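Me: I am new to this structure and would like a close look at one part of it, taken slowly and with the reasoning spelled out. Please begin with a single residue and then work outwards from there.

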Amino acid sequence: MLKLYGGARSRAAIIQWYLEELEVPYEFVLLDMKAGEHLQSEFLKINPMGKVPAIVDGDFQLWESGAILLYLAEKYAKTAYSVEEKAIFTQWVLFANSSLGTGIFIEANREREMPRLLTPLNEILTKQPFLLGNDFTVADVAVGSILSYIPIMLKLDLSAYPAIVNYIQSMSERPAFQKSIGGSK
């Protein structure tokens, strides 16, 4: 069975959300980060960086949330995707973890980056329910998780982006979201 390693209130909840969406059985291994369990030799064999999340799927080990999301999409998604579609998933996952995450959560970047990032996202979500159209994908987990943390952690005013507000609401109502990120508030 796949094992997901994470800490309380960690990015492992993003992976947990996607595993729940995919209906992949998994064991969540909660590491006590305050006690330094993520820095113990047993976990460092899985992720030498000592960070969570990480997974062990059979003999395969992987860390870094974006890489894990893409791996899960490749291995467990019920739809076969073209190389081009996979590249677009990768684009959105990298956007979420680098551009969007740092643009929103690093305060020094926020004033400049938030409008540059959220205005086009709002435009996309005005035209369709999900990032890539009518189908929920790994791109929605990656971007949706970052966006959903805005009202939870930052309490920023998003009224200028009504489609994003609606998107966050629709993501937060998903049962798999409620079992993961929504349950860690």
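Reply: Ser-172 has a relative accessibility of 14%, and because buried means under 20% relative accessible area, Ser-172 counts as buried. The model you are looking at is predicted, and that should be kept in mind for everything that follows. Ser-172 belongs to helix α7, which covers residues 162-172. A polar atom of the Ser-172 side chain lies 2.9 Å from the backbone oxygen of Gln-169. If neighbours within four places in sequence are set aside, the residues in contact with Ser-172 are Phe-177 and Gln-178.

The next step outwards is to the domains. The domain assignment of the chain gives domain 1, residues 2-76, and domain 2, residues 83-179. The contact between them takes 15 residues from domain 1 and 19 residues from domain 2. The C-alpha centres of domain 1 and domain 2 are 22 Å apart.

Where does the second largest pocket lie in relation to these domains? Since domain 1 and domain 2 both give residues to its lining, the second largest pocket lies between them. The volume of this pocket is about 220 Å³, and 13 residues line the pocket, with Leu-22, Ala-77, Lys-78, Tyr-81 and Phe-136 lying nearest its centre. Sorted by character, the lining of the second largest pocket holds eight nonpolar, two polar and three charged residues. Helix α1 gives the most to this lining, with three residues.

That brings us to helix α1 itself, which runs over residues 12-22 and is mostly covered, with nine of its 11 residues buried. Among the buried residues of α1 are Ile-14, Ile-15, Trp-17, Tyr-18 and Leu-22, and Leu-22 is also one of the residues lying nearest the centre of the second largest pocket. After α1 comes Glu-23, whose phi is positive, near 60°.

Ile-15, in helix α1, has a relative accessible area of 0% and is therefore buried. Leaving out residues up to four places away in sequence, Ile-15 touches Leu-4, Pro-53, Ile-55, Ser-65, Ile-68, Leu-69 and Leu-72. By contrast with these contacts, Asn-109 is 94 residues from Ile-15 in sequence, and their C-alpha atoms are 26 Å apart in space.

Two of the residues that Ile-15 touches, Pro-53 and Leu-69, lead on to other parts of the model. Pro-53 sits in the loop between α2 (41-44) and β3 (54-57), and the peptide bond that joins Val-52 and Pro-53 is cis, with omega about 10°. Leu-69, for its part, is also in contact with Val-138.

Val-138 is placed in helix α6, residues 138-154, and its relative accessibility is 2%, so Val-138 counts as buried. Apart from neighbours within four places in sequence, Val-138 is in contact with Tyr-18, Leu-69, Ala-73, Phe-89 and Val-93. Tyr-18 is itself one of the buried residues of α1. Phe-89 is 49 residues from Val-138 in sequence, yet the C-alpha atoms of Phe-89 and Val-138 are 6.7 Å apart.

Thr-137 is found in the loop between α5 (107-127) and α6, and because its relative accessible area is 7%, Thr-137 is buried. Not counting neighbours within four places in sequence, Thr-137 is in contact with Tyr-81, Phe-89 and Leu-132. Phe-89 thus appears again, as a contact of Val-138, while Tyr-81 is one of the residues nearest the centre of the second largest pocket.

A last group concerns backbone geometry. Most residues other than glycine have a negative phi, and most peptide bonds are trans. Glu-64, which is not a glycine, has a positive phi of about 90°; Glu-64 lies in the loop between β4 (60-63) and α3 (65-76). At 45% relative accessibility, Glu-64 counts as partly exposed. Lys-155 also has a positive phi, near 55°, and is a residue other than glycine. Lys-155 is placed in the loop between α6 and α7, and because its relative accessibility is 63%, Lys-155 counts as exposed.

Notes
Residues are numbered from 1 along each chain as its sequence is written. This is a predicted model: local features need pLDDT of at least 70, side-chain atom pairs count only at pLDDT 80 or more; totals for chains, interfaces and linings use all residues. Side-chain values use heavy atoms; hydrogens and water are left out. Helices (H or I, at least four residues) and strands (E, at least two) are DSSP runs, numbered from the N terminus. Buried means under 20% relative accessible area, exposed over 50%, partly exposed in between (1.4 Å probe, protein chains only). A polar contact is a pair of N or O atoms within 3.5 Å; within protein, one must be able to donate a hydrogen and the other to accept it, and residues adjacent in sequence count only if both atoms are side-chain atoms. Contact means heavy atoms within 4.5 Å. On a 1 Å grid over the protein atoms alone, a cavity is a set of points where a 1.4 Å probe fits but cannot get out, and a pocket is an open set with protein on both sides within 12 Å along at least five of seven lines; lining residues have an atom within 4 Å of a point. Grid points are joined across faces, edges and corners, and a volume is the space filled by probe spheres set on the points. Ala, Val, Leu, Ile, Met, Phe, Trp, Tyr, Cys and Pro count as nonpolar, Asp, Glu, Lys and Arg as charged, and the others, Gly among them, as polar. Domain bounds come from an automatic or database domain assignment.
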